[in-house]
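User: I should like to understand how the descriptive terms for a protein structure are assigned. Please show me the structure and explain the reasoning.

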Amino acid sequence: MQTVKMVVTGPFNAGKTEFIRSVSEIEVVSTERKISLESERVKDQTTVAMDFGRISIDENLVLYLFGTPGQRRFDFMWEILSEGMLGFIVMVDSSRPETFREARNILETFRAYAPTPYVVAANKQDDKEAWDIADIRIALRLSPQVKLLPCVAKDKEAVKKVLLELLYSILEEMEIASPE
């Protein structure tokens, strides 16, 4: 059996934990704690170390999903979680443009950790305040070659599409690296 490690990263409250929970076939291992800073009380809890979930593609291929904490004070976990990853997903909250710069910085940080394939998931596309995909691409300064995918993290089918796009990119790179 082959396993593929994918990392799900992005700014605080982008939807990383929900993304993994909606698709994992096991109960997600989560390290959420109550938020202590008043300025971050847009939700009750936050990831402080990682989330872990798993999904089987078939009997020969399993994806391990590692979610990172989104707050900078826990960014020491990012490099640890990136070790051995074959690809990563940057989650962006489409309705909070004030987080786009942070998303761009996180994207650059993970690209520096490893030259692996990645996709950007524009989460919360069901929110009436969500930015259009084309506008997000411009705001994040993404080239046309970068896969920027609409997403609603609580929608299992939308999450599967994002994971499959990343998986296709990983498999394509593996074929290029080792042609027959």
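Analyst: Rings of Phe, Tyr and Trp (its six-membered ring) are paired if their centres lie within 6.5 Å; planes under 30 degrees apart count as stacked, over 60 as edge-to-face and the rest as tilted. The structure holds seven aromatic pairs. This is a predicted model, in which local features need pLDDT of at least 70 and side-chain atom pairs count only at pLDDT 80 or more, while totals for chains, interfaces and linings use all residues. Residues are numbered from 1 along each chain as its sequence is written, and side-chain values use heavy atoms, with hydrogens and water left out.

User: What makes W78 and F110 an aromatic pair, and which kind of pair is it?

Analyst: The ring centres of W78 and F110 are 5.9 Å apart, which is within 6.5 Å, and the planes meet at 40°, neither under 30 nor over 60 degrees; therefore the pair is tilted. The pair links distant parts of the chain, as W78 is in helix α2 (residues 76-82) and F110 in helix α3 (residues 100-113), 32 residues apart. Helices here are DSSP runs of H or I with at least four residues, strands are runs of E with at least two, and both are numbered from the N terminus.

User: Why is the pair of F110 and Y113 called edge-to-face?

Analyst: The planes of F110 and Y113 stand at 80°, over the limit of 60 degrees, and the centres are 5.2 Å apart, so the pair is edge-to-face. Both residues belong to helix α3, three residues apart, which means a separation of about one helical turn. Ring pairs also join W78, F88, F110, Y113 and Y118 into a cluster.

User: How do you know whether F110 is buried or exposed?

Analyst: Buried means under 20% relative accessible area, exposed over 50%, and partly exposed in between (1.4 Å probe, protein chains only). F110 has 0% relative accessibility, so F110 counts as buried. Y113 has 28%, between the two limits, and is therefore partly exposed.

User: Why is R141 classed as it is, buried or exposed?

Analyst: R141 has a relative accessibility of 61%, which is over 50%, so R141 is exposed. R141 lies in the loop between α4 (133-140) and β7 (147-150).

User: What makes the approach of N123 to A14 a polar contact?

Analyst: A polar contact is a pair of N or O atoms within 3.5 Å; within protein, one must be able to donate a hydrogen and the other to accept it, and residues adjacent in sequence count only if both atoms are side-chain atoms. The side chain of N123 reaches the backbone oxygen of A14 at 2.7 Å, a value within 3.5 Å. N123 is in strand β6 (residues 118-123), and its 2% relative accessibility makes N123 buried.
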